[in-house]
Amino acid sequence: MPAPRISTSVLSPGNAAAGLYTLLSIHSIISIRFIHNMGIANQTAVSEFLLLGLTDDPALQPLLFCLFLSIYLVTVLGNLLIILAISSDTRLHTPMYFFLCSLSFTDICFSTTTIPKMLVNLQTRDCSITYASCLTQACVVLLFAGLENCLLAAMAYDRYVAICQPLSYTLVMNPRLCVQLLLLSLCVSLANSLLLSLTALRLAFCTHLEIPLFFCELAQVIELACSDPFVNNLLVYVAACVFGGVPLAGIIFSYTQIVSLVWRMPSARGRHKAFSTCGAHLSVVSLFYGTGLGVYISSAVTDSPGKSAVASVMYSVVPQMVNPFVYSLRNEDMKAALRSLTQRRPALL
């Protein structure tokens with residue numbers, strides 16, 4: 001049964017990205033004002049943090065600036081191409097590509113939250129960030145990391161329904177459910193990021209204000225606190241287990257059911273076709289959780305700030321840059337849409 005078409009006027013990928021952008025803009029304005037107002041009482045203790053980044057060697061900083069500027073441009077342009085290709089091709093207005101478009105928009109926002117500030121610091125040789133800006137950045141990083149986590153789970157559910165319940169796919173993965181899954185992912189991520197970042201306002205800081213990363217990560221900020229961080233650490237661990245574990249469990253369950261069904265297919269061609277529809281998503285999931293696990297292991301076995309900074313790049317920069325290549329190279333429909341898009345642009349010019 002063909003995948004349900006998502007109305008271009010109601011739930012097109014472009015409108016989804018625009019709606020998501022509006023909601024995230026409102027959230028950012030509210031969070032910045034709230035954190036700024038609530039953080040005034042703590043300004044007597046700390047006014048800014050220092051982001052140590054990847055290196056303090058002045059000779060390497062121009063090279064790092066060029067490298068991360070290139071990575072940022074590739075990330076933004078690659079994900080924009082995915083969004084434009086999906087929006088311009090009505091054949092791709094299906095649930096799977098709706099979630100892919102939302103994921104690409106999330107990747108752009110994630111990278112924009114961290115890399116531009118790093119580029120400014122490298123260019124100005126000033127690694128400071130204000131107290132309010134640091135907590136706001138930590139909040140937004142949590143938001144987009146959580147949103148990407150939830151979107152990957154929603155995409156796994158879409159693949160589960162498409163392969164294990166093909167006759168019900170049109171009824172189950174209807175436009176209303178797609179919007180509800182996107183809004184639920186956004187609301188859960190918002191609640192998690194606000195809860196963790198706003199509770200950090202109660203912490204007091206002393207003189208050691210150096211963060212061994214190129215952006216403000218909440219766990220690193222909590223480690224710098226002079227006051228008792230027990231409540232904050234407890235919330236971080238609970239949130240990691242709930243908001244990280246539940247989507248991962250959903251992904252594992254979906255693919256367990258998919259593998260179990262596909263393995264019983266008598267036709268090798270049918271098995272290959274079923275697995276080919278999941279290949280790109282499995283690659284992105286493996287990259288996202290693999291880099292996150294690598295960061296956790298590296299932080300557990302080493303106390304080197306330099307290694308921690310390099311590990312942070314692996315999960316906050318690399319997946320967002322690689323995702324467009326994975327989906328464009330492993331998906332024939334995306335290849336056709338990108339070819340059509342590139343051929344259309346010269347004609348318009």
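## Close-ups of a predicted model

Counting bonded cysteines along the protein chain, the disulfides run 1-3, 2-4. The model shown in these views is a predicted one.

**View A. Cys-134 and Cys-216 are joined by a disulfide.** This is part of a set of two disulfides in the structure. The sulfur atoms of Cys-134 and Cys-216 sit 2.0 Å apart, and the torsion about the S-S bond comes out at -115°, which makes the link left-handed. Cys-134 belongs to helix 5 (residues 131-164), while Cys-216 is in the loop between strand 3 (210-211) and helix 8 (218-223), so the pair ties together parts that are 82 residues apart in sequence. As for cover, Cys-134 and Cys-216 are both buried.

**View B. Cys-206 and Cys-226 make a disulfide too.** Here the S to S distance is 1.7 Å. Cys-206 is found in the loop between helix 7 (175-199) and strand 3, and Cys-226 in the loop between helix 8 and helix 9, so this pair ties together parts that are 20 residues apart in sequence. Buried or exposed, or something in between? Cys-206 has a relative accessibility of 41%, so it counts as partly exposed. Cys-226 is partly exposed as well, because its relative accessible area is 43% and the class covers values from 20% to 50%.

**View C. Two further cysteines, Cys-101 and Cys-127.** Cys-101 counts as buried, since its relative accessibility is 1%. Cys-127 comes in at 30%, so Cys-127 counts as partly exposed.

**View D. Phe-205 pairs with Phe-49 and with Tyr-131.** A search of the whole structure turns up 10 aromatic pairs. In one of them, the ring centres of Phe-49 and Phe-205 are 5.3 Å apart and the planes stand at 90°, so the pair is edge-to-face. Phe-49 is part of strand 1 (residues 48-51) and Phe-205 is in the loop between helix 7 and strand 3, so the contact ties together parts 156 residues apart in sequence. Phe-49 and Phe-205 are both buried. Tyr-131 also pairs edge-to-face with Phe-205, at 6.3 Å centre to centre and 70° between the planes. That pair links distant parts of the chain, with Tyr-131 in helix 5 and Phe-205 in the loop between helix 7 and strand 3, 74 residues apart. Tyr-131 is buried, just as Phe-205 is.

**View E. Four rings form a cluster: Phe-68, Phe-214, Phe-215 and Tyr-315.** Ring pairs are what link them. For context, an unreviewed UniProt entry lists several spans as "transmembrane region", among them 59-84 and 309-329. In the model, residues 59-84 are 92% helix and 0% strand, with the end C-alpha atoms 39 Å apart. Residues 309-329 are 95% helix and 0% strand, and the end C-alpha atoms of that span lie 30 Å apart.

**View F. A nonpolar patch on the surface includes Val-242.** Which residues form the patch? They are Phe-230, Val-231, Leu-234, Val-238, Val-242 and Val-246, and together they have about 530 Å² of accessible area. Val-242 has its place in helix 9 (residues 230-263). With a relative accessible area of 40%, Val-242 is partly exposed. The UniProt record, from that unreviewed entry, also lists residues 234-262 as "transmembrane region".

Definitions and conventions: Residues numbered from 1 in each chain as written. Predicted model: local features only at pLDDT ≥ 70, side-chain atom pairs only at ≥ 80, totals over all residues. Heavy atoms only, no water. Patch = residues over 30% accessible without salt bridge, like charges linked within 9 Å, V, L, I, M, F, W, Y side chains within 5 Å. Areas by Shrake-Rupley, 256 points an atom, 1.4 Å probe, with all protein chains shown as cover. Salt bridge = Lys/Arg side-chain N within 4 Å of Asp/Glu carboxyl O. Helix = DSSP H or I, 4+ residues; strand = E, 2+ residues; numbered from the N terminus. Buried < 20%, exposed > 50% of the residue type's maximum accessible area, 1.4 Å probe, protein only. Disulfide = S-S within 2.5 Å. UniProt positions renumbered as here; feature names shortened; annotations may be inferred. Phe/Tyr/Trp six-rings, centres within 6.5 Å; stacked < 30°, edge-to-face > 60°.
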